[in-house]
Structures are given as C-alpha cells and as structure tokens.
Amino acid sequence: MKFLALDVGSSSVKSAILKNGKIAGRIVRAAFPTRREGVKVEVDPRAILKAIHQAIKDVGHDAKTVQAIGLTVMAPSWLAMDHEGNPLTPIVTHQDRRSTEIATQIEKRVGKQRHLKLAGNRPIPGGISSTTWGWFLKHEPALMKKADLCGHLNTFLHRQLTHSRVTDPSNASFMGLYSTVDQGGWSDQLCEAVGIKRHRLPQVLGAEAVGGMITRSAATRFGLTHGTPMLVGCMDGSAPVLLAGNAPGQLVNVTGSTDVLALCTDQPRPHESLLTRAVGMGKRWLSVSTQAAAGSALDWAHQTFLNEMPPKKFYSLVGKLADEVELDDQHEMVHFESYLAGSRSSLDQPTASITGLTLSTTPQDMLRAILQSLARESALRMKLLAQVNPIRIRRQVLLTGGVQGGLSNLLHRGWPGKWTFKIEEEATLRGIARLFD
C-alpha cells in the first residue's frame, strides 16, 4: 500500500510517500511565514495552501498514484470559514494571547473545576480555541455572521480538498468545546458559555476514519487524483504516540524549540498545570506538560548575549556547561525563570526573568542559569505527570524533535530512576502510517 503523508507544522509543510509504513524516497518541505503583531500570532491560510501545493508538487507523480492521504496538523490552529470553506479569518495559533479577557470570562461562567472536568483543560488564551472564537465574536461580529464553520487546520484542509466538515478528537480537545474526558462529543454547556451554535462545528470522527474524497477541483488544483480517500487526521503531537504503539504508560518526549512530555493513558486525569487531550485514535488520551521555550531559550541566549560566538562553538559551550550543571542551584548567584514563551497552562501569562546579576556576572553565568532552570523544570514536570496519572510509566521513552547541543541529556538528568531513550527521526511523518493500520 502506498500513501501520501502531509504534516503541517508551525512553520512548514512536510510531505512524503509512505510504503508499507515506511518513508519511501525523500522528504520534501515547503515553508510558510507566521505573522506576529503584539499579542497576535497568525498564519495566512492561503500561505499554507500554497505550501501544501508546493510540497505535493515536489513529491512528484507518486502523489497521484497513492491509495489514500494521511494528515497531521499543528494545533490549536483556529479559523472561521464561509459556506464554501473559504477562510474568513487568519489561522490563530497557540502562541496568540489576544483573548486573555475572554478566557477569564469563560472560566467565570463555567467555573474553573467544571471547565477542567468537561474540557480537560482551562480556557487558555490561544491555547484553547474557544477563547479565540469568543474574541472574534466580540470584536468582529459582522465578520462572524458570515461564518458557516469554525475549526482547526484539519477541518479547513478537508473543506478545501474534500469539502467535508470533519475533525478528530485530538483537535476537538483543544477547541475547548468538546467533552474531552469521555470523548463524548461537543458540550452544550461549553458552547453556551462562549455563545456558539453547534451547527458551526465540524463532525468528530476518529483520526483514522476517511473524512472525505479528493474533489475534482482540488485534484486539479493540488496535483492529486479525484476520488482519493483522505483520512480525518490528527494533531501533529499525536503521531509520535501512534508510532510508539498508542499504549497506556508510553511517554513521548519531543525536544526542540519547545520541550513536550506526553504521557499516553486510558485514565484521563485533568490538572490545571497539565494539558489533557485525546490522542485521536481509540479511547486513549495524553497528559501533556510543556516547557514553551527550551531550545528556543538557548537560541535567545545565543542571539542576545553570545551573538559573537559561531553556532558550532556556542552549542559546544552548551554541552560543556550542561555537563557541569547541578539541579540544586542554591549556591549559584544568578537565577533564571524560564517563561520566555509564557506558559501553555496559565490564563495570565508569566514572563521570564534573570536575577542575581552583578558587575562580575558573565554571559556564561547567565547561560548556565538558563540550563539549570530548564533541567529543574523538566524534573518537576516529570514528577507532576507521575503524581497526577494513576498509571505505570514505561521506562523506555520515545525521543524525537530537533534535539540541540546536549539539551536532551540535561533535561533528563533530574528524572528519578533509570530510563532509556529510543530516538526516532521523523516520528510525526512516520506516525501517520499508523493511521492506516
């Protein structure tokens, strides 16, 4: 069997042909820009369609001969569409913070614990899409009257390619309108709290289900074959979990610009400091802890106070300092609070800070403080996952992502007990193959 895999991430589309569960040939990439303006973080939907077109074109003729198409997408990635599936709004990403006031209002209407129990999460500004939807209803009412359908990126892509109105449980979980803890469908109480009509929501199907067939117009536009089945697809963070077997107790660590710990469970336990969402296939959930700026914190340090150092030399220094770092930093003068990218689980966004600076403080001292903070936070996140979830965590961890300069070893140093790490390259693309099992 031969399939086309599409992975729409936060900055590019990756595509490849999958044969018998493995990547056949080369992986192609097509980038698209993100627009940042104050607290707003958006992507032009047309730019993503252009990138998808280019990625499929670069795959070549094989894209026309596949048996089906599999899909993963970044999420949240909210937008509103008209009755033809054309975008009315930009795609609003999880980094967007315009909806803080709306988030507070939603939680007040529903109640903090009730919202956690129903949605699995607090209404995080930008991170849970009901807040974004509520913002557009308040600030763009005339535009939203034209909205026929709202959802995440996989819903938009299906409207464009198959004309279906679908999403999967993983994306629905981060909409903030879905009964996540039992995968029970859209919640009337959550919809009412935001002022949303259910007919503007997509149908929720398993990620492995066929969402629709490629339309004749989409086949011509994107270089595909009319009638090719396209699976509903899931969030990109679910694919590595599927690759690892979608088994309760399996831990996946995506270490790159952001550091994500995702624990697969069959017993969801929402917690205000964790994210809870469905995997997308079967009765499985993920308990997720995120360090929003991990590798990106190192990039920031490099650009801000060590920018004269070549990248290779900088990451060599990171590796050296990482080997020296102790988790107990009580004797260190410089301290760092690691919130450069805020928090994925807080309504009021914290900010980073460096304290203990003196005239004798060096750039290396500040870099060491950043590394200590990342290691300390990783240990605390691992401890919280174990405390909250009543499940035995497997000691072999699937490790993927753009691991940088000794960062992975540092982040795992404070984890209790013995662990082994299985590095899986291109785990998201390869995980798409599990949707076809």
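**Figure 1. Cys264 is tucked away in this predicted model.** Start with Cys264, which is buried, at a relative accessible area of 0%. Cys150 is buried too, also with a relative accessible area of 0%. Looking for disulfides? The count comes to 0. Cys150 is in no disulfide, and its nearest cysteine sulfur, that of Cys191, is 11 Å away. For Cys264, which is likewise in no disulfide, the nearest cysteine sulfur belongs to Cys234 and is 12 Å away.

**Figure 2. Strand 16 pairs with strand 15 and with strand 18.** Strand 16 covers residues 259-265, and 6 of its 7 residues are buried, so the rest of the structure largely encloses this strand. Strand 15 (residues 251-255) runs antiparallel to strand 16, and 5 bridges join the two. To get from strand 15 to strand 16, the chain takes a hairpin through 3 residues. For one bridge to look for, try Val254, whose partner in strand 16 is Val260. Strand 16 also pairs with strand 18 (residues 285-291), again in the antiparallel sense, this time over 7 bridges. Here you can pick out Leu261, bridged to Ser289 in strand 18, and Ala262, bridged to Val288 of strand 18.

**Figure 3. Zoom out from strand 16 and you have an open sheet of 6 strands.** Reading across, the strand order is 17-18-16-15-21-22, and the pairing is mixed. At the edges sit strand 17 (275-278) and strand 22 (420-423), each pairing on one side only. On average, neighbouring strands here are turned by 25 degrees against each other, direction ignored. Helix 13 (residues 363-388) lies across strand 15, strand 16 and strand 18, and runs at about 160 degrees to strand 18.

**Figure 4. Ser373 is a buried residue of helix 13.** Its relative accessibility is 1%, so Ser373 counts as buried. Which residues does Ser373 touch, leaving aside those up to four places away in sequence? The list is Phe336, Glu337 and Ser338. Val325 is another residue to find in this view: it is 48 residues from Ser373 along the chain, and the C-alpha atoms of the two are separated by 9.8 Å.

**Figure 5. A second open sheet is built from 5 strands.** Its strands come in the order 4-5-8-7-9, with antiparallel pairing. Strand 4 (35-37) and strand 9 (149-151) are the edge strands, and each pairs on one side only. Neighbouring strands of this sheet are turned by 25 degrees against each other on average, with direction ignored. Strand 7 and strand 9 run antiparallel and are joined by 3 bridges. Met81 takes part in this pairing, with Leu149 as its bridge partner in strand 9. Helix 6 (residues 153-161) packs on the sheet, touching strand 7, strand 8 and strand 9, and its direction makes about 40 degrees with that of strand 7. Helix 4 lies across strand 5 (40-43), strand 7, strand 8 (91-93) and strand 9, and it runs at about 40 degrees to strand 7.

**Figure 6. Trp78 and Trp133 make a tilted aromatic pair.** The structure holds 9 aromatic pairs. In this one, the rings are 6.2 Å apart centre to centre, with 45 degrees between the planes. The pair links distant parts of the chain: Trp78 belongs to strand 7 (residues 77-81) and Trp133 to helix 4 (residues 129-139), 55 residues apart. Are these two buried or exposed? Trp78 has 0% relative accessibility, so it counts as buried, and Trp133 is buried as well, with a relative accessible area of 2%. Ring pairs bring Trp78, Trp133, Trp135 and Phe136 together in a cluster. Over the face of Trp135 lies Arg98, at 4.9 Å from the ring centre.

**Figure 7. Trp415 and Trp419 meet edge-to-face.** How far apart are the ring centres of Trp415 and Trp419 in this aromatic pair? The spacing is 5.2 Å centre to centre, and the planes make 75 degrees. Both Trp415 and Trp419 are buried. Trp419 also has a charge over its ring: the charged end of Arg395 sits there, 4.2 Å from the ring centre.

Definitions and conventions
Residues numbered from 1 in each chain as written. Predicted model: local features only at pLDDT ≥ 70, side-chain atom pairs only at ≥ 80, totals over all residues. Heavy atoms only, no water. Buried < 20%, exposed > 50% of the residue type's maximum accessible area, 1.4 Å probe, protein only. Helix = DSSP H or I, 4+ residues; strand = E, 2+ residues; numbered from the N terminus. Pairing = 2+ DSSP bridges. Disulfide = S-S within 2.5 Å. Axes fitted to C-alpha atoms, helices over the stretch in contact; angles between N-to-C directions. Contact = heavy atoms within 4.5 Å. Phe/Tyr/Trp six-rings, centres within 6.5 Å; stacked < 30°, edge-to-face > 60°. Lys NZ or Arg CZ within 6 Å of the ring centre and 35° of its normal.
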